[in-house]
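The following note is offered to a colleague who is new to this structure. It takes up the interior first and then turns to the surface.

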Amino acid sequence: MASAARGAKRRHAISRKMLIFFSASLSCVVVLLLLSLFRFHSPKPSISVSRVFDGPPKIAFLFLVRRNLPLDFLWDAFFQNGDVSRFSIYVHSTPGFVLDESTTRSQFFYGRQISNSIQVLWGESSMIQAERLLLEAALEDPSNQRFVLLSDSCVPLYNFSYVYNYVMVSPKSFVDSFLDVKEGRYNPKMSPKIPREKWRKGSQWITVIRKHAEAIVDDDVIFSVFKKYCKRRPPIDTSKGKLNLKLQKQHNCIPDEHYVQTLLAMHGHESELERRTITYTLWNQSTTKMENKGWHPVTFGYSNAGPQRIMEIKGINHVYYETEYRIEWCRSNSTSVPCFLFARKFSQGAAMRLLSQEVVNHFEVSALLATPP
């Protein structure tokens, strides 16, 4: 009996030791797995290293241009009317292009091109990558608290002081964002990372607060989905016959009209938006190589950029969103305001007329004509 009892105790002790060893081994495996996951899947750090800054908060004006700035003379008048401590300028241009006295009329743009620019193609993910690069550069300055994205054909409709107060007084971003229910741009392959109910559409020309700028730059997940599944449909080529018909059935997704809106919806930030753009665009239905019929922005020339047209744009106080049956009354910090601070697309002639009408500052057109290009 005593021998049997001793044997039972030994077996119990061995079993205990094996259990302890197995538990310790399992714990080590779990720790190693967690370390591995943390190493390979931890989010990248925010680009903004500091939120502390001296002086007034700034608006970062982000110019996304093809090469040079054809309306630099108008923006020069706009910035001359402002306080240099309240704004900064960043330009995304063709890789290698330098802004200096030989390429721009305005000293405000000297050396303001970002160094890591990329080749941008319309309707491709390179467009939103360029936007992200501009935001990333601007976020390095903690005093930049608002970020305005502009094209090379954008013009200001008011002077700097009005624009600064309008944008800064609002705690929200101005992002045109609405449900996209009519067009076949959402690709089901985007799910589950981008569910259908979070898919949004809107204007590319955004004005965002710092929190939202950081969310755009820090994003890896949504951008990678867009690169893979949000692509424009190939141009119409009737010579391809039935193959052309097949190609035209593809999802025609334009990344810059969906990315920021969808990203902010995915992050639950829509309550922090004024869901409208502050950049006016006049749309016209026409035929292009890309599609039989589509909406395209109208370019304003000297003849149709007169005082009456500008007053009409300034007089707009609401926007109607058909897909949501929603009227967006234009407000800034709960105060009724004109909807638009900027407008596009304006030719050089149209911009000259704005200057002669003293829309942004007093300016003599003859002075422009005497300035070397």
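**Note on the cores, an enclosed helix and a surface patch**

1. The largest nonpolar core has 50 residues, and those with the most contacts inside it are F61, F63, W75, F79, F109, F342 and F346. Such a core is a set of buried Ala, Val, Leu, Ile, Met, Phe, Trp, Tyr and Cys residues joined through side-chain atoms within 4.5 Å; buried means under 20% relative accessible area, exposed over 50% (1.4 Å probe, protein chains only). Among the elements that give two or more residues to this core are β1 (58-64), α2 (72-80), β2 (87-92) and α10 (348-356). Helices (H or I, at least four residues) and strands (E, at least two) are DSSP runs, numbered from the N terminus.

2. The model is predicted: local features need pLDDT of at least 70, side-chain atom pairs count only at pLDDT 80 or more, and totals for chains, interfaces and linings use all residues. Residues are numbered from 1 along each chain as its sequence is written, and side-chain values use heavy atoms, with hydrogens and water left out.

3. Beyond its neighbours within four places in sequence, F63 is in contact (heavy atoms within 4.5 Å) with residues including L69, W75, F79, F109 and L150. Apart from the largest core lies another, of 38 residues, among them Y90, W205, V208 and F226.

4. Helix α5 (residues 210-218) is largely enclosed by the rest of the structure, because 7 of its 9 residues are buried. These are R210, H212, A213, E214, A215, I216 and V217. Their cover includes α3 (125-139), β3 and α8 (259-266).

5. Y325 lies in the loop between β13 (318-321) and β14 (326-329) and is exposed, with a relative accessible area of 70%.
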